[in-house]
Amino acid sequence: QVQVVESGGGLVQPGGSLRLSCAASGDTLDYYCIGWFRQAPGKEREGVSWVSTNDGRTDYADSVKGRFAISRDNAKNTIYLQMNSLKPEDTAVYYCAATLGLVCSLDDYEYNIWGQGTQVTVSS
């Protein structure tokens, strides 16, 4: 079974960019849904984006469409989340999650493999 580890979080000013990485080990990422989720203090965890490693389809939450981009590096077995035009409301702990399957979603209960999370803080 695959394990995932996130990295790349940090402090960035509003309008800035960050790239998060989700490195997978233990298995290749074929036929997986890989999702990015985030949880801000006092709020429920929300889905940000997903990619299907089967066919490359992607989806995004409305709040990040046009600003975030998810991508995959097959050679490195890594999924990236490029975050541009960051806003203070993007501040959260960001999690990478995985599940075997061909139909992906932004619902966190669909995912059974989780990383430890990486903090993203957008502040001036």
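**Figure 1. Glu 46 is partly exposed, with a relative accessibility of 34%, and forms a salt bridge with Arg 38.** The view is taken from a predicted model. The closest approach between the two side chains is given as 2.6 Å, N to O. The partners are not equally covered: Arg 38 has a relative accessible area of 5% and is therefore buried, since buried means under 20%, whereas Glu 46, at 34%, falls between the 20% and 50% limits and so counts as partly exposed. Arg 38 also belongs to the surroundings of Phe 68, with which it is in contact.

**Figure 2. Two further salt bridges link Arg 57 to Asp 55 and Lys 65 to Asp 62.** In the first pair, N and O are 2.6 Å apart. Arg 57 is partly exposed at 37% relative accessible area, and Asp 55 is likewise classed as partly exposed, at 43%. In the second pair, the closest N and O atoms of Lys 65 and Asp 62 are separated by 3.3 Å. Lys 65 counts as partly exposed at 46%, while Asp 62 reaches 66% and is therefore exposed, the limit being over 50%. Elsewhere, salt bridges with shared partners connect Arg 38, Glu 46, Arg 67 and Asp 90 in one network. The total for the model is seven salt bridges.

**Figure 3. The disulfide between Cys 22 and Cys 96 has a sulfur-to-sulfur distance of 1.9 Å.** Cys 22 belongs to strand 3 (residues 18-25) and Cys 96 to strand 9 (residues 92-100), so that the bond links distant parts of the chain, 74 residues apart. The torsion about the S-S bond is about -60°, and the disulfide is therefore left-handed. Both ends are covered: Cys 22 is buried at 1% relative accessibility, and Cys 96 is buried at 0%.

**Figure 4. A disulfide connects Cys 33 with Cys 104, S to S 2.1 Å.** A torsion of about -85° about the S-S bond makes this disulfide left-handed. Cys 33 is placed in strand 4 (residues 32-39), and Cys 104 in the loop between strand 9 and strand 10 (113-114); these distant parts of the chain are 71 residues apart. Cys 33 is buried, with 1% relative accessible area. Cys 104 has 11% relative accessibility, which is under 20%, and so it also counts as buried. The model contains two disulfides, and when bonded cysteines are counted along the chain, the connectivity reads 1-3, 2-4.

**Figure 5. Strand 8 pairs with strand 3 and with strand 7.** Strand 3 and strand 8 are antiparallel, with six bridges between them; in this pairing, Ala 23 is opposite Thr 78. Strand 7 and strand 8 also run antiparallel and are joined by six bridges, with Ala 69 opposite Gln 82. Four residues separate strand 7 from strand 8 in their hairpin, where Asn 77 adopts a positive phi near 55°. Of the six residues of strand 8, five are buried, and the strand is mostly covered.

**Figure 6. Thr 78 lies in strand 8 (residues 78-83), and its side chain reaches the backbone oxygen of Lys 76.** The distance of this approach is 2.8 Å. Thr 78 is a polar residue that nevertheless counts as buried, because its relative accessibility of 8% is under 20%. Residues up to four places away in sequence being set aside, Thr 78 touches Ser 21, Cys 22 and Ala 23, together with Ser 71, Arg 72 and Asp 73. Among these contacts, Cys 22 is one partner of the disulfide with Cys 96.

**Figure 7. The largest nonpolar core comprises 30 residues.** Its members that touch the most other members are Ile 34, Trp 36, Phe 68, Ile 79, Leu 81, Met 83 and Tyr 94. At least two core residues come from each of strand 3, strand 4, strand 5 (46-52), strand 7 (68-73), strand 8, strand 9 and strand 11 (118-122). Neighbours within four places in sequence aside, Phe 68 is in contact with residues including Val 48, Tyr 60, Leu 81, Met 83, Leu 86 and Tyr 94. The contacts of Phe 68 also include Arg 38, Gln 82, Asn 84 and Asp 90. Another core, of six residues, lies apart from the largest one; among its members are Phe 37, Ala 97, Cys 104 and Tyr 111.

Notes:
Residues are numbered from 1 along each chain as its sequence is written. This is a predicted model: local features need pLDDT of at least 70, side-chain atom pairs count only at pLDDT 80 or more; totals for chains, interfaces and linings use all residues. Side-chain values use heavy atoms; hydrogens and water are left out. A disulfide is a pair of cysteine sulfur atoms within 2.5 Å. Buried means under 20% relative accessible area, exposed over 50%, partly exposed in between (1.4 Å probe, protein chains only). A polar contact is a pair of N or O atoms within 3.5 Å; within protein, one must be able to donate a hydrogen and the other to accept it, and residues adjacent in sequence count only if both atoms are side-chain atoms. Contact means heavy atoms within 4.5 Å. A nonpolar core is a set of buried Ala, Val, Leu, Ile, Met, Phe, Trp, Tyr and Cys residues joined through side-chain atoms within 4.5 Å. A salt bridge is a side-chain nitrogen of Lys or Arg within 4 Å of a carboxyl oxygen of Asp or Glu. Two strands pair if DSSP finds at least two bridges between them.
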